[in-house]
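Trainee: Please take a close look at the cysteines in this model, and then place them in the rest of the fold.

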Amino acid sequence: MNFEHLIQINDPENPLVETMTRDQLWQGLLHRVENAVPFLPGLESCTILERQADTLLRELDFGPAVIHDRVTLVDMVSVRFDIQPSEVHPGGSLMITIEEPEAGFLFLRFAYQTTLATDPNSEERAYIEYVKSAYHQSDVDCVRIIRTLAAGGKIQ
């Protein structure tokens with residue numbers, strides 16, 4: 001299953017939306033890379049196992065399941081999470097890209113690739129819709145946390 005969506009970060013035409021800079025948005029994404037615990041419900045710990053210039057290997061401990069992922073950074077542009085297949089997870093990826101179609105209009109594009117079937121007649125169809133909804137809500141929460149960080153607040 002491939003699934004992607006956009007979340008608008010800035011809207012210069014709406015004064016009720018707190019404006020963020022590209023750097024603030026990037027720093028928030030880096031925080032998610034370095035300490036994923038506030039961003040992923042159920043995550044007990046996030047350990048960096050290996051660090052290179054633009055990649056990290058992490059261990060994500062969810063209690064009953066431990067997942068390893070490789071994170072690839074393109075400075076100020078994107079973060080890609082590749083989950084390594086294992087006995088507890090079939091693998092998949094998430095690419096988060098900062099988009100700025102016009103000056104001041106920032107968006108985050110979340111693009112998922114999973115091993116779930118995409119056949120619309122599949123028995124998994126209801127489950128797939130549930131997963132898409134959960135991904136979307138998780139991404140909305142991610143942006144909320146980044147906004148909290150940008151405002152200098154503490155994460156709950």
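Mentor: In this predicted model, the sulfur of Cys-46 has its closest cysteine sulfur in Cys-142, at 13 Å. A disulfide would need the two sulfur atoms within 2.5 Å, so the pair is too far apart for a bond. Cys-142 is likewise in no disulfide, its nearest cysteine sulfur being that of Cys-46. The count of disulfides is therefore zero. Both side chains are nevertheless out of the way of solvent by the accessibility criterion: Cys-46 is buried at 16% relative accessibility, and Cys-142 is buried at 1%.

The surrounding fold is next. Seven strands make an open, antiparallel sheet, and their order across it is β1-β7-β6-β5-β4-β3-β2. The edges are taken by β1 (2-8) and β2 (45-51); each has a single partner strand, so one side of each has no neighbour in the sheet. From one strand to the next the twist averages 20°. In general, strands of a sheet pair through backbone hydrogen bonds, parallel or antiparallel. At one edge, β1 pairs with β7 (residues 105-114) in the antiparallel sense, over seven bridges. Within that pairing, Gln-8 is opposite Phe-107 of β7.

Two helices pack on the sheet. Helix α1 (residues 22-34) touches β2, β3 (55-61), β4 (66-74), β5 (78-83), β6 (92-102) and β7, and its direction is at about 170° to that of β6. Helix α2 (residues 125-150) touches β1 and β7, with its direction at about 30° to that of β1. The edge strand β1 has two faces: Phe-3, His-5 and Ile-7 are on the covered one, while Asn-2, Glu-4, Leu-6 and Gln-8 are on the uncovered one.

As for the nonpolar interior, the largest core holds 28 residues, and the members that touch the most others are Ile-9, Leu-25, Leu-29, Val-79, Leu-108 and Phe-110. At least two of its residues come from each of β1, α1, β4, β5, β6, β7 and α2. Helix α2 gives the largest share, six residues. Val-79 shows what such a member touches: beyond its neighbours within four places in sequence, it is in contact with Trp-26, Leu-29, Val-33, Val-71, Thr-72, Leu-73, Leu-94, Met-95 and Ile-96. Apart from the 28-residue core lies another core of six residues, including Ala-36, Leu-40, Leu-60 and Ile-67.

That leaves the charged side chains. Side chains of opposite charge can pair when their charged atoms come close. The model has seven salt bridges. One of them joins Glu-34 and Arg-51, at 2.7 Å from N to O. Glu-34 belongs to helix α1 and Arg-51 to strand β2, so this bridge connects distant parts of the chain, 17 residues apart. Glu-34 is partly exposed, with a relative accessible area of 39%.

Another bridge is formed by Arg-58 and Asp-69, also listed at 2.7 Å from N to O. Arg-58 is in strand β3 and Asp-69 in strand β4, so the pair ties together parts that are 11 residues apart in sequence. Arg-58 is buried, at 2% relative accessibility, and Asp-69 is buried as well, with a relative accessible area of 2%. Asp-82 and Arg-80 make a further bridge, at 3.0 Å from N to O. Here Asp-82 is partly exposed at 24% relative accessibility, and Arg-80 is partly exposed with a relative accessible area of 27%. Finally, Glu-4, Glu-99 and Arg-109 are linked in a network of salt bridges; Glu-4 is on the uncovered face of β1.

To return to the request: Cys-46 and Cys-142 are both buried, and their sulfurs, 13 Å apart, are too far from each other for a bond.

Definitions and conventions. Residues are numbered from 1 along each chain as its sequence is written. This is a predicted model: local features need pLDDT of at least 70, side-chain atom pairs count only at pLDDT 80 or more; totals for chains, interfaces and linings use all residues. Side-chain values use heavy atoms; hydrogens and water are left out. Buried means under 20% relative accessible area, exposed over 50%, partly exposed in between (1.4 Å probe, protein chains only). Two strands pair if DSSP finds at least two bridges between them. Helices (H or I, at least four residues) and strands (E, at least two) are DSSP runs, numbered from the N terminus. Axes are lines fitted to C-alpha atoms, for helices over the stretch in contact, and angles run from 0 to 180 degrees between N-to-C directions. Contact means heavy atoms within 4.5 Å. A nonpolar core is a set of buried Ala, Val, Leu, Ile, Met, Phe, Trp, Tyr and Cys residues joined through side-chain atoms within 4.5 Å. A salt bridge is a side-chain nitrogen of Lys or Arg within 4 Å of a carboxyl oxygen of Asp or Glu.
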